[in-house]
Amino acid sequence: ERRKEEFRRKTIPVLQGTSLFIFGPLSTRRAAVYKFVERRRFEHMVITLISLSCLLNAVDCPAIRRDPTMASVIDRGNLIFTVLFFTEALLKMIAFGALPCTDCGEDAYLGNVWNRLDFLVVIMSMISLIWSGTAVLRAFRSMRAVRLLFLIKEVRITVVALVMALPQMFNILCLSVIVWFAFAVVGVQLLKGAYRYCNDPDIVYE
């Protein structure tokens with residue numbers, strides 16, 4: 001027990017609750033998983049996987065699937081990405097806990113809105129592998145690109161700033177419409193009929 005406590009203090013902060021009803025806050029395995037998912041390299045690896053998955057979804061089209069070899073490659077690629085993303089979700093559930101509760105706190109995996117969307121996409125991808133003919137379920141794979149908004153800090157800050165600025169942008173839009181309308185009325189009153197003919201003698205018109 002002393003070794004576990006020393007290992008926990010050296011590697012991770014205090015973990016809360018029991019993840020997946022198996023790994024307690026003093027579990028060395030959970031501590032190792034926590035340390036792994038918190039690494040910057042792990043985040044870069046996830047971003048790379050998401051980018052490759054988006055490229056695969058962009059290539060996937062009926063014209064490409066006419067070739068049985070390409071269709072097989074795309075299906076196997078989707079299977080590999082689905083397994084990898086499910087593994088990522090499972091590792092984060094082990095590290096942070098699955099559901100937000102009194103024990104795990106708000107840091108649980110499904111306590112974050114972006115993680116809920118991520119897990120929904122993973123579940124829909126798994127279902128689409130079973131019912132491969134369902135185009136709507138396959139379309140959920142394109143939602144993986146939205147995860148980049150959460151993973152890339154700079155993009156996330158920009159999106160949040162735009163959302164928070166929407167009320168003020170609406171006021172600016174209303175002011176712009178009023179100014180445009182005023183200048184439009186002035187322009188019609190001053191210039192109406194002024195450009196109804198061309199004053200260039202070299203151009204013949206009726």
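This passage describes an internal cavity and two buried residues in a predicted model.

The predicted structure contains 1 cavity of 30 Å³ or more, and the volume of the largest cavity is about 40 Å³. Its lining is made up of Trp114, Asn115, Asp118, Arg147, Phe150 and Leu151, and the elements that contribute two or more residues to this lining are α6, spanning 113–130, and α8, spanning 147–151. When the lining residues of the largest cavity are grouped by class, 3 are nonpolar, 1 is polar and 2 are charged.

Arg147, one of the residues that line the largest cavity, is also among the contacts of Lys92, which, when neighbours within four places in sequence are left aside, comprise Phe42, Gly97, Tyr109 and Arg147. Lys92 itself is located in helix α5, which covers residues 68–96. Because its relative accessible area is 12%, Lys92 is classed as buried, the limit for that class being under 20%.

A second buried position is found in helix α3, formed by residues 40–59, where Ser53 is placed. The relative accessibility of Ser53 is 1%, and this residue therefore counts as buried. With residues up to four places away in sequence not counted, Ser53 touches Phe81, Phe85 and Arg144. Helix α3 thus holds Ser53, whereas helix α5 holds Lys92, and for each of these two residues the side of the chain that it meets beyond its sequence neighbours includes an arginine, namely Arg144 for Ser53 and Arg147 for Lys92.

Note on methods. Residues are numbered from 1 along each chain as its sequence is written. This is a predicted model: local features need pLDDT of at least 70, side-chain atom pairs count only at pLDDT 80 or more; totals for chains, interfaces and linings use all residues. Side-chain values use heavy atoms; hydrogens and water are left out. Helices (H or I, at least four residues) and strands (E, at least two) are DSSP runs, numbered from the N terminus. Buried means under 20% relative accessible area, exposed over 50%, partly exposed in between (1.4 Å probe, protein chains only). Contact means heavy atoms within 4.5 Å. On a 1 Å grid over the protein atoms alone, a cavity is a set of points where a 1.4 Å probe fits but cannot get out, and a pocket is an open set with protein on both sides within 12 Å along at least five of seven lines; lining residues have an atom within 4 Å of a point. Grid points are joined across faces, edges and corners, and a volume is the space filled by probe spheres set on the points. Ala, Val, Leu, Ile, Met, Phe, Trp, Tyr, Cys and Pro count as nonpolar, Asp, Glu, Lys and Arg as charged, and the others, Gly among them, as polar.
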